[in-house]
Amino acid sequence: MIDLTGRVAVVVGAGSGIGRATALRLAALGAVVAAADLDLDSAAETARGADGVRPYFLDVTEQGTIDEARDAVLRDLGAPRIVVNAAGWDSVGPFLDGDRALWEKLVGLNLVGTIAVVRAFLDAMIERGDGGRVVTVASDAGRVGSTGETVYAGAKGGIIAFSKSLAREMARHAILVNCVCPGPTDTPLFASLPERTRLALERGIPLRRLARPEEVAAAIAFFASEEASFITGQVLSVSGGLTMHG
Amino acid sequence: MIDLTGRSAVVLGAGSVIGRAIALTVAQLGASVAAVDRDPLAVARTALLVEPPGDVRDYEADVADAAGFDVVRREIEIEIGVPHIVVEVTGAADAVTGPAVRAFLDGMVRRGRGGRIVLVRGVGAGHGDRDAAVGLTTSLAGELAGDGILVNCVCAGPTDTPLLAAQPRWVRQRLEREIPLRRLAHPDEIAAAVAFFASDRASFVTGQVLSVSGGLTMAR
């Protein structure tokens, strides 16, 4: 039903977790995937997992690397139909203990990183003129807040509002923009949290387990597909009911 | 990629244009479908439109008649089995409305293998459709999570249906101007979102409300 044969997709943060699962899922659906990551070795490992996936180096906090990766993707694969940013980072701790350097890193990587990645590919998508899909990855923390993730939640909430506003601006170009909000997911990022935090988060999930990265990737792939041709500016949580609503 | 082979699905309100698209889509993906509506002619037409080897059977039932509805519910459970998927479409003129979903829950819970409920509502702000849908979806999702039954809601934006076509031209034009994508939804686009929620692809999604509205609504 979902068929992305021949579509070019860019997945940033494709070296691990949700980004890797997304790159592999889109490739399994037939897309040609540019798998970009700060860690080129892990992006290359993702690329070895499926046909039609090529690794690229991209650091969302360094504009020069975004521009270089963009140019390389346009040269190698052409203008993408699908852009997904799954690169993200968190450091859990009391808000009162954080400092400006931490805030700037959290907002810079999660929010400004998303903005910069999406911005980089829009011109080529608009120029080609047959529309496209942008899927951002926020977090349930950005919808309902999360203790110990206050600035991260602020950045993720920013991604949600950014996605909706961009959806309005891009509608005329038939570029649909939607946002997936994972809850606690079985990824390296989650594994880095203190055990106490991990247990508390798992207990709070009505389905009583973590998301698998593939389950988040499935929602991203849905938004990227023809099946979602009338959906834009929407936010979908894949969190086992941790947060409800839409 | 979405495969519902071997699943049984009940579509309540399957005589409406959107309900019909859902019944046909779900059947095309391999599920056995019980198409239910209080309008026997409308739902018979739904069943007639299915392409082989799709399996859509039509049932006339009015949820306002509890005893009568229960008879039909038992008939459905005998013929296609306790449903894995229950879709309730309301808002259209011909739809079965009300707590018809409730009738199927006991069987689903007793079987103990989870399931999917998808509520389909309009996005209309004027009649509070969406707010009511959010309340029902999240409450049901919370209560049924322990049984592995996932509950989600699709809110349909203005859709290209005969109901809308019958309105004066300016109504349609005004709607199209307000929708960022500048067109109405096709019923199949609503059905596609329902199929996603009903599928294995949505195995960790519950309590969510997804608008298929071309950007008309971007709630929270």
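A residue counts as buried when its relative accessible area is under 20%, as exposed when that area is over 50%, and as partly exposed in between. The model on screen is predicted.

**Stop 1: helix H3 of chain A**

Select A:Asp67 and A:Arg70. The two form a salt bridge, and their closest N and O atoms are 3.7 Å apart. Both sit in helix H3 (residues 63–76) of chain A; because they are three residues apart there, about one helical turn separates them. Now colour the pair by accessibility. A:Arg70 has a relative accessible area of 19%, so this residue is buried. A:Asp67, at 26%, is partly exposed. The cut-off of 20% puts the two partners in separate classes.

**Stop 2: helix H4 of chain A**

Move to helix H4, residues 100–128 of chain A, and select A:Arg119 and A:Asp123. These residues are four apart in the helix, which means a separation of about one helical turn. A salt bridge joins A:Arg119 to A:Asp123, with 3.0 Å between the closest N and O atoms. A:Arg119 is partly exposed at 46% relative accessible area, and A:Asp123 is partly exposed at 43%.

**Stop 3: a salt-bridge network and the loop after H4**

Stay in chain A and select A:Arg7, A:Arg81, A:Arg128, A:Asp130 and A:Glu226. Salt bridges link these five residues in a network.

Next, select A:Gly131, which is in the loop between H4 and strand E5 (132–137) of chain A. Is A:Gly131 buried or exposed? Its relative accessible area is 1%, so A:Gly131 is buried. Which residues is A:Gly131 in contact with, once neighbours within four places in sequence are left aside? They are A:Arg81, A:His173, A:Ala174 and A:Ile175. A:Arg81 is also a member of the network just visited. For a distance label, use the C-alpha atoms of A:Gly131 and A:Arg172: they are 9.0 Å apart, while the residues lie 41 apart along the chain.

**Stop 4: helix H7 of chain B**

Switch to chain B and select B:Arg172 and B:Glu176. This is another salt bridge, with the closest N and O atoms 3.2 Å apart. Both residues belong to helix H7 (residues 169–178) of chain B, and their spacing of four residues means that about one helical turn separates them. B:Glu176 has 22% relative accessibility and so counts as partly exposed; B:Arg172, at 28%, counts as partly exposed too. Over all chains, a search of the whole structure finds 23 salt bridges.

**Stop 5: where chain A meets chain B**

Show both chains and select the residues in contact across them: 41 from chain A and 41 from chain B. The two chains bury about 3,600 Å² between them, and 65% of that area is on carbon and sulfur atoms. How many salt bridges are there between chain A and chain B? The count is zero. Polar contacts are present, however: 12 residue pairs, both members at pLDDT 80 or more, are joined in this way between the chains. On the chain A side, helix H6 (150–170), helix H9 (213–224) and strand E7 (235–238) each supply at least two of the residues that touch chain B. H9(A) gives the largest share of that side, with six residues.

**Stop 6: A:Thr243**

Select A:Thr243, in the segment after E7 of chain A. With 6% relative accessibility, A:Thr243 counts as buried. Two side-chain polar contacts can be drawn from here. One, of 2.7 Å, runs to the side chain of A:Asp140; another, of 3.4 Å, runs to the side chain of A:Ser237. Expand the selection to everything in contact with A:Thr243, leaving aside neighbours within four places in sequence. Within chain A this adds A:Asp140, A:Arg143, A:Val144 and A:Ser237, and from chain B it adds B:Thr206 and B:Gln208.

**Stop 7: a nonpolar surface patch**

Finish on the surface of chain A with A:Leu38, A:Leu40 and A:Phe57 selected. Together they form a nonpolar patch with about 280 Å² of accessible area. A:Phe57 is placed in strand E3 (residues 53–57) of chain A. Its relative accessibility is 40%, so A:Phe57 counts as partly exposed.

Terms used. Residues are numbered from 1 along each chain as its sequence is written. Chains are lettered from A and ligands numbered from 1 in the order in which they are written. This is a predicted model: local features need pLDDT of at least 70, side-chain atom pairs count only at pLDDT 80 or more; totals for chains, interfaces and linings use all residues. Side-chain values use heavy atoms; hydrogens and water are left out. Patches are made of residues with over 30% relative accessible area and no salt bridge: like charges are joined within 9 Å, nonpolar side chains (Val, Leu, Ile, Met, Phe, Trp, Tyr) within 5 Å. Accessible areas come from the Shrake-Rupley method with a 1.4 Å probe; for residues, only the protein chains shown count as cover. A salt bridge is a side-chain nitrogen of Lys or Arg within 4 Å of a carboxyl oxygen of Asp or Glu. Buried means under 20% relative accessible area, exposed over 50%, partly exposed in between (1.4 Å probe, protein chains only). Contact means heavy atoms within 4.5 Å. Buried area is the accessible area (1.4 Å probe) that two parts lose on being put together, summed over both. A polar contact is a pair of N or O atoms within 3.5 Å; within protein, one must be able to donate a hydrogen and the other to accept it, and residues adjacent in sequence count only if both atoms are side-chain atoms.
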